[in-house]
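Reader: I would like to go through this model and hear the reasoning behind the labels used for it. Please set each label against its criterion.

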Amino acid sequence: MAQKRSHAKPVVLGAGRFLRLVRADGWEFVERVRATGVVAIVAVTSDAELILTEQFRASVRGPVIDLPAGLAGDGPGTEELVTAARRELIEETGYDARRFSLLAHAPTSPGLTTEVVSFFRATGLKQVGAGGGVEGEQIQIHAIKLERADAWLRRRIRKGVQIDCKVYAGLHFAIAHRCHQRGAQSQ
């Protein structure tokens with residue numbers, strides 16, 4: 001079956017400073033006004049710890065565990081996705097990486113938004129700052145052993161913390177990469 005493509009020009013139903021609500025082909029959805037992309041970083045330390053963030057999110061009225069993530073191109077000028085990934089990793093966690101590799105592009109909630117997140121693997125991590133975000137973000141940083149991540153996340157859920165679905169994708173990418181490395185080493 002052929003994929004249906006929309007050719008209808010979206011009608012803006014409402015707009016704020018950062019988002020606009022539009023309608024096209026009978027669907028209503030949200031677009032970002034200024035950002036050119038979204039990045040999420042799968043950063044695993046040399047001690048096999050996945051770097052996660054925790055931050056209050058007003059939309060769900062509570063704390064959310066997430067991968068280090070953020071917007072590309074929401075400032076003046078243009079910004080490459082990998083540049084945004086490095087900037088967000090440093091701002092949020094205080095880590096920089098020697099190398100960033102693109103893992104995948106995925107829609108975040110295709111029934112609600114046009115947003116597509118680009119996942120990057122960050123390797124060769126080095127602590128270069130305190131992290132915590134910018135301008136009142138108050139981001140907490142967690143370094144969680146990969147083999148204990150599921151249990152740790154379940155404990156956080158029991159304490160009322162929500163888990164962004166990008167975390168589960170990040171765990172998949174981190175564990176798959178680790179298994180691939182082990183397989184390559186045993187050959």
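Reader: Which residue in E9 stands opposite Ile 41?

Author: In this predicted model, Phe 120 of E9 is the residue facing Ile 41.

Reader: What makes strand E4 and strand E9 a pair?

Author: Two strands count as paired when at least two bridges link them. Strand E4 (residues 37-43) and strand E9 (residues 116-127) are joined by 6 bridges, so the criterion of at least two is met. The two strands run parallel.

Reader: How do you know that helix H1 packs on the sheet, and which strands does H1 touch?

Author: H1 touches E4, E7, E8 and E9, and contact here means heavy atoms within 4.5 Å. The direction of H1 makes about 120 degrees with that of E8.

Reader: What is the strand order of that sheet, and why are some of its strands called edge strands?

Author: The sheet is open, with 4 strands in the order E7-E4-E9-E8 and mixed pairing. E7 and strand E8 (95-107) are its edge strands, as each pairs on one side only. On average, neighbouring strands in this sheet are turned by 30 degrees against each other, direction ignored.

Reader: Why do strands E10 and E11 count as edges?

Author: They belong to an open sheet of 4 strands, ordered E10-E5-E6-E11, with mixed pairing. Strand E10 (140-145) and strand E11 (162-163) have a single partner strand each, so one side of each is left without a neighbour in the sheet. Within this sheet, strand E5 (residues 49-57) and strand E6 (residues 62-66) pair in the antiparallel sense over 5 bridges. Glu 54 has Ile 65 in E6 as its bridge partner. Helix H2 (residues 149-158) packs on the sheet and touches E5, E6, E10 and E11.

Reader: What makes the link between the side chains of Glu 79 and Arg 87 a polar contact?

Author: The limit for such a pair of N or O atoms is 3.5 Å. The side chains of Glu 79 and Arg 87 come to 2.8 Å, so the pair passes. The side chain of Glu 79 also reaches the backbone nitrogen of Gly 73, at 3.0 Å. Glu 79 sits in the loop between strand E7 (69-72) and helix H1 (81-93).

Reader: What lines the largest pocket?

Author: Its lining has 42 residues; Arg 32, Arg 57, Gly 70, Leu 71 and Glu 115 lie nearest the centre. H1 supplies the largest share of that lining, 4 residues. The space in the pocket is about 1500 Å³.

Reader: How confident is the prediction, and where is confidence lowest?

Author: On a scale from 0 to 100, the mean pLDDT of the protein is 91, with 89% of residues at 70 or more. Confidence is lowest in helix H3 (residues 165-186), at a mean of 79, and highest in E11, at 98.

Conventions:
Residues are numbered from 1 along each chain as its sequence is written. This is a predicted model: local features need pLDDT of at least 70, side-chain atom pairs count only at pLDDT 80 or more; totals for chains, interfaces and linings use all residues. Side-chain values use heavy atoms; hydrogens and water are left out. A polar contact is a pair of N or O atoms within 3.5 Å; within protein, one must be able to donate a hydrogen and the other to accept it, and residues adjacent in sequence count only if both atoms are side-chain atoms. Axes are lines fitted to C-alpha atoms, for helices over the stretch in contact, and angles run from 0 to 180 degrees between N-to-C directions. On a 1 Å grid over the protein atoms alone, a cavity is a set of points where a 1.4 Å probe fits but cannot get out, and a pocket is an open set with protein on both sides within 12 Å along at least five of seven lines; lining residues have an atom within 4 Å of a point. Grid points are joined across faces, edges and corners, and a volume is the space filled by probe spheres set on the points.
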